[in-house]
Amino acid sequence: MKHTVILVGADKGGVGKTTTCRSLLDYLNERSVLPRAFDTEAPRGTLQRFHPDISEIVDLTQTTGQMRIVDTLSRTDVKASVIDVCAGQMVRTLAALRDMGFLEAVAEKRFNFIILHVLGPSIASLDEIAETAPFTDDAHYFLVKNKMNDTTFFDWSPTTSKAYFGKVKCAGEITIPKLNEMAYEQVELAGTSFSTFVADRTRDGEEAGYSFVLRGYVRTWLRAVCAEFDRVHFHDIMTARSAKA
Amino acid sequence: MRHVLMSGWTPIFIACGPLAHAGKTLSARLFLEFCRANGPPPLAFDLNPHDAELTATTNGAAEIVNLSTTAGQMRLFEGMLQAGPEARIVDLWHGSYEPFLDLMEQMDFASEAALRDFRLVLLLHGSSLEELDVHAAQLRARINPAETIVVLNEHICEAAGSAFARFEHCLAIPPLAPSILRRLERMRLGLVEGTDAEHGLPSMVARSCLRDWLTQVFAQFHCIELRHRLGATTFNPG
C-alpha cells in the first residue's frame, strides 16, 4: 500500500476544514488505516486539540515544516498523512508541493494524493475551484460540501450551480451532513475525537458519562460521514496498488 | 435440589400509537397507578407538551417533556436510563410517535436499555385490528429487543374476541362508565384513590365498579410482571 497524502483545505475560513479532518481521521481508524495528521494552524492548532496522539503542528509556510511532512512519507509506518491546511493557504500549499517535486512524484505513482476541497457558502469559495485546477491533474480531487451550517451551495439556483459544479473535473462530491448543534458543542467541550465521544471515553480513556442522546446523534452522524467516504470509494483509492482508482 | 432465582426487573412501559384518542394516556395512567400501589413511585414522562393530560390527571406525577428539543430528548432518554429500581412510564403523544421511533433507532436505545438491565415494553394502541397488525410488525422490526403488547381498549375498539389471539401479547382494558371517569376528574382523584371508602368516590356503586375494573386490569399487569420475572429466571442446580 502506497502512502496517501490527504490535503484538506479551502481558502476561506470557517467552512469546516477541521471538522472534515476530524471525521476523516475517525473514518481512517474505522477502516484500519493508521493515520497521522498535520495541523498547519501554527502555533495554535485546532486539530491537535482533538487528536493529540497522532497530530503535530507544522508551519507549512516554512521549509522546515514542509520537510517535516514530505521527507518522512517514505519512512513512516503509517500509510496516510492528513494535512489540515489553514485558511488562505490552500493554493499556496499546492504550489509549494509542486515546486518541491511532490506532485511529480504523485504523477510517477509513488504516492497517492487526495485533495478534499471544502466549499463555503460564497461565490468566492466557488471561484477557488478554478484556482486549484492547475494542481489537481494527478490527484483525486473531491469537493466537500459541509452542511453543518445549513449551506445550500446554490442548489436553489441551477444556473449558478451548473456554472461551478458542472465543469469541474473531480473524483466526486462528498457531503458532510449536519450534526445536532448541542452534540457538536459537547464534543468541542470534551476535546476528543468523535469516535472517542461516541464510546463515552475521555481523552485518558476513562469513562466520561457524556449524554446518551448526544452520543447517539454523533454516532448516527459519524456513520453517515463514513458512508459518504465509502460511497466515493475513498478507502479503495488509498489501497489501490497501481493506477488511479 | 434446584433453586429458582427470580431476578428483579426494571420495566420501561411506553404507551404508544400513531393515532390520537386511542387510549394511550389511560394506559399510562393505569400503569402509573399500578406501579405506585406496588412499590416506589415510577418515573413518568408525558410527551404531550400542548395538552399534558397524564400530568394533569396524576397531580403532576409525570414530567412534561417536549421531544422536539434536544434538551427534551436528553431529559427523556437519559431519564429512562437513570439508575434506580423505579419503573418508567412514557405517555407518547401521537404527534411524537414517528420522531420518537426515529430517535430510538438512531441511538440504538433498545440495546443500551437491555445492557443496563431495563426491559422495554411497548404498549401499542390503535382502533382496528388491521392497523394494529401493521404497526405491531413495524415496531418489532424497528425496536429490538422489546416486547410489544397490543392494547385492546374497549372504550375505543370493539372487543374482537379471538381475533386478538393473533398477537403474541395483548392487554384488554374493559370499558368503565364514562360518568365515573368524569367524577374522578372533577374530584381530582386518582384511580386507586377513587376506591377509598373515606376519601374516594361518594357512591358505593361507583367505587365498586371502579374496584372491579381496576382488579381486571391490574391482574393483567401482574401477569406481565410475572412473565418478565420468570423470563429472567435462572435455574441453579443445587
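**Exercise 1. Place D108(B) in its chain and describe its backbone and exposure.**

*Solution.* D108(B) sits in the loop between α4 (97–107) and α5 (109–115) of chain B. Helices here are DSSP runs of H or I with at least four residues, strands are E runs of at least two, and both are numbered from the N terminus. Next, the backbone. D108(B) is not a glycine, yet its phi is positive, about 50°. Last, the exposure. The relative accessibility of D108(B) is 36%, so the residue counts as partly exposed. The cut-offs are under 20% relative accessible area for buried, over 50% for exposed, and partly exposed in between (1.4 Å probe, protein chains only).

The model is predicted: local features need pLDDT of at least 70, side-chain atom pairs count only at pLDDT 80 or more, and totals for chains, interfaces and linings use all residues. Residues are numbered from 1 along each chain as its sequence is written, chains are lettered from A and ligands numbered from 1 in the order in which they are written, and side-chain values use heavy atoms, with hydrogens and water left out.

**Exercise 2. Treat D200(A) in the manner of Exercise 1.**

*Solution.* Start with the location. D200(A) lies in the loop between α9 (194–198) and α10 (212–231) of chain A. Then the backbone. Its phi is near 60°, a positive value in a residue other than glycine. Finally, the exposure. D200(A) has a relative accessible area of 11%, so it is buried.

**Exercise 3. Find the cis peptide bond that involves P145(B).**

*Solution.* First locate the proline. P145(B) is in the loop between α6 (129–142) and β7 (147–153) of chain B. Then check omega. The bond joining N144(B) and P145(B) is cis, with omega about 0°.

**Exercise 4. Characterise the surroundings of R22(A).**

*Solution.* R22(A) belongs to helix α1 (residues 17–30) of chain A. Its relative accessibility is 1%, so it counts as buried. Now list the contacts, leaving aside neighbours within four places in sequence. R22(A) then touches L47(A), F50(A), H51(A), Y184(A), V187(A), E188(A), T192(A) and F194(A). Contact means heavy atoms within 4.5 Å.

**Exercise 5. Describe chain B as a whole.**

*Solution.* Count the elements: chain B has 8 helices and 9 strands. Then test compactness. The radius of gyration of chain B is 18 Å, close to the 18 Å that the globule rule gives for 238 residues, so the chain is as compact as a globular protein of that length. The radius is taken over C-alpha atoms, and the rule is 2.2 Å times the number of residues to the power 0.38. The C-alpha trace spans about 55 × 50 × 35 Å along its principal axes. Buried residues make up 48% of the 238 in chain B. Next, the contacts between residues at least 6 apart in sequence: 66% join residues at least 24 apart.

**Exercise 6. Describe chain A by its elements, burial and contacts.**

*Solution.* Chain A has 11 helices and 7 strands. Of its 245 residues, 53% count as buried. Among contacts between residues at least 6 apart in sequence, 73% join residues at least 24 apart.

**Exercise 7. Analyse the interface of chains A and B.**

*Solution.* Count the residues: 11 of chain A are in contact with 14 of chain B. Then take the area. The two chains bury about 1100 Å² between them, with 63% of it on carbon and sulfur atoms. F212(A), V213(A) and Y217(A) supply 55% of the area that chain A buries against chain B, more than any other three residues. Buried area is the accessible area (1.4 Å probe) that two parts lose on being put together, summed over both.
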